[in-house]
Amino acid sequence: MINLAQRDIAHSLGKFITTAFGVGMLIGVVLIMIGVYRGMAHDAMIVPNDIAPDVWVVQKDTWGPFAESSRLHEDLKYSLKTLAGVKEVHPLTFQSIQITAKEKPIRLYALGYDVLSGFTPFHLSKGRKIRIPTQEIIVDSKSGFKLGDKIALGRDEYTVVGLTHKAVSSGGDPMLYLDLKGAQELQFLFSNDQIRNDRHRGVQSTSPTTVNTFALKLHTGVEIQQVVQEIKRWKHQQAFTQEEQAEILTKNLIERSAKQIGLFTVILLIVSSVIISLIIYTMTINKIKEIAILKLIGASNFTITKMIGQQSVLLGLIAFIAGNIFAHASADIFPKTIILVAQDAMKLFVVVMIVSILASISGIRTALRVDPSSAIGG
């Protein structure tokens, strides 16, 4: 008895494989889109996880420092240190900056911290920590800078003394780490011309002794929520636990992007379903005579349905394998992080199999309508 899938593989190997690989690229794009979402969620938590505080203190009525602007006076750290249970208080600044290196614009996300405190909100892959606050910085290798490179920031020039690996902001920009004072001047201090113009207008320049957030580490056994409530009640500032900050980042910030990616993924799956359906229908039309002969010699509708279903499932299986190969081969090409997880691939495999079976319906309906007498008519 003729098996349609085997017949296509035996007599139209190139066509069948090319078709499967074409559909596989669509499936690969679906897998990449899922990886984009996982990469966004991963990147959003890199900096918070490297800092790893128990409590984030930000400006009252804000969701900062990653979700929106937050400004606090630096001397608030002395008041926070007096709270019961607080072990360490680290003032931090965050800002996006764009510099030009080798005639190319490079966008970075700068984190300012107190270098002399011994606090290290990063994981070095090469080089060393900052020893001279006013002259040295640490950058991520994704920026393209190397150890010893000179970078001009604001009014100063810094030397790269350390490199991190895959440390990026929630937007995918490579991280840059520098001393708090330099970061404050870079973010809050106006240029000389602006200061001069403000003085003529009678406007006082903004003080650079401002930070975006405080990262608090507590003593072991201290109730975190109690400290959070104390800060809200007596310091009149907003405070979040690390878990709450993670929820803000992964849900509020990337929620719209996640919906967009999800919609795009569904559209790709629908397109894949339509393409597989058209392919199976075309292959069935090309075998009308063989199907008529099968009916003429007594083949049941179940047998014909099974053969077309096998063809569709085999096409989906090869396409899924090709899509996985394509996704893993191209994931590193993208500028942002793509994370491919085996569990996602297995779930997608189930979806592809269901789509393949549903896509065979049009071909099956056509095959079941074939008149056995057409095998004799030629």
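These are my notebook entries on a predicted model, covering its salt bridges, strand pairing, nonpolar cores and a few single residues.

**Entry 1: salt bridges**

I began with the charged pairs. The count came to 5 salt bridges.

I looked up D344 first. Its side chain meets that of R38 in a salt bridge, at 2.4 Å from N to O. This pair links distant parts of the chain. D344 belongs to helix α12, residues 342-359. R38 belongs to helix α2, residues 13-44. The two are 306 residues apart. I then checked how covered each partner is. D344 is buried, with a relative accessible area of 9%. R38 is partly exposed, at 35%.

Next I took E74 and K181. They form a salt bridge, with the closest N and O atoms 3.3 Å apart. Here too the pair links distant parts of the chain, 107 residues apart. I placed E74 in the loop between β2 (72-73) and α4 (76-81). K181 sits in helix α5, residues 180-188. E74 is buried, with a relative accessible area of 9%. K181 has 44% relative accessibility and counts as partly exposed.

My third pair was R128 and E136. Their side chains meet in a salt bridge of 2.7 Å, N to O. Which partner is buried, R128 or E136? E136 is buried, at 7% relative accessibility. R128 is partly exposed, with a relative accessible area of 26%.

I also looked for shared partners. Salt bridges of that kind join E74, K77 and K181 into one network.

**Entry 2: strand β3 and its partners**

I moved on to β3, residues 86-101. It runs antiparallel to strand β11, residues 213-218, and 6 bridges join the two. I noted one position along this pairing: V89 stands opposite L216 in β11.

How many bridges join β3 to β4? I read off 9, and these two strands also run antiparallel. Strand β4 spans residues 104-113. Q95 has A110 in β4 as its bridge partner.

I then checked the turn. β3 and β4 form a hairpin with 2 residues between them. K102 lies in that turn and has a positive phi of about 55°.

**Entry 3: the nonpolar cores**

I asked which residues have the most contacts inside the largest nonpolar core. They are I27, L315 and L348, in a core of 39 residues. I listed the elements that give two or more residues to this core: α2, α9 (255-285), α10 (288-296), α11 (301-330), α12 and α13 (361-368). Helix α2 gives the largest share, 10 residues.

I followed L315 outward. Leaving aside residues up to four places away in sequence, L315 touches F16, T19, A20, I276, I279 and I280.

Another core lies apart from the largest one. I counted 25 residues in it, including I46, V47, A215 and L249.

**Entry 4: I364 and T210**

I picked I364, in helix α13. I364 is buried, with a relative accessible area of 14%. Beyond residues up to four places away in sequence, I364 touches T305 and I308. I also took the span from I364 to F188. They are 69 Å apart in space, C-alpha to C-alpha, and 176 residues apart in sequence.

F188 came up again at T210. T210 is in strand β10, residues 210-211. Buried or exposed? T210 is buried, because its relative accessible area is 10%, and the cut-off is under 20%. T210 touches R71, L72, E74, T93, Q184 and F188, again not counting residues up to four places away in sequence. One of these contacts, E74, is the salt-bridge partner of K181 from my first entry.

**Entry 5: a nonpolar patch on the surface**

I ended on the outside. In soluble globular proteins, nonpolar side chains tend to be buried together. I looked for nonpolar residues on the surface and noted a patch formed by V266, I270, V274 and L278. Together they have about 360 Å² of accessible area. I checked L278 by itself. L278 is in helix α9. It counts as exposed because its relative accessible area is 52%, and the cut-off is over 50%. Helix α9 also gives two or more residues to the largest core.

Key
Residues are numbered from 1 along each chain as its sequence is written. This is a predicted model: local features need pLDDT of at least 70, side-chain atom pairs count only at pLDDT 80 or more; totals for chains, interfaces and linings use all residues. Side-chain values use heavy atoms; hydrogens and water are left out. A salt bridge is a side-chain nitrogen of Lys or Arg within 4 Å of a carboxyl oxygen of Asp or Glu. Helices (H or I, at least four residues) and strands (E, at least two) are DSSP runs, numbered from the N terminus. Buried means under 20% relative accessible area, exposed over 50%, partly exposed in between (1.4 Å probe, protein chains only). Two strands pair if DSSP finds at least two bridges between them. A nonpolar core is a set of buried Ala, Val, Leu, Ile, Met, Phe, Trp, Tyr and Cys residues joined through side-chain atoms within 4.5 Å. Contact means heavy atoms within 4.5 Å. Patches are made of residues with over 30% relative accessible area and no salt bridge: like charges are joined within 9 Å, nonpolar side chains (Val, Leu, Ile, Met, Phe, Trp, Tyr) within 5 Å. Accessible areas come from the Shrake-Rupley method with a 1.4 Å probe; for residues, only the protein chains shown count as cover.
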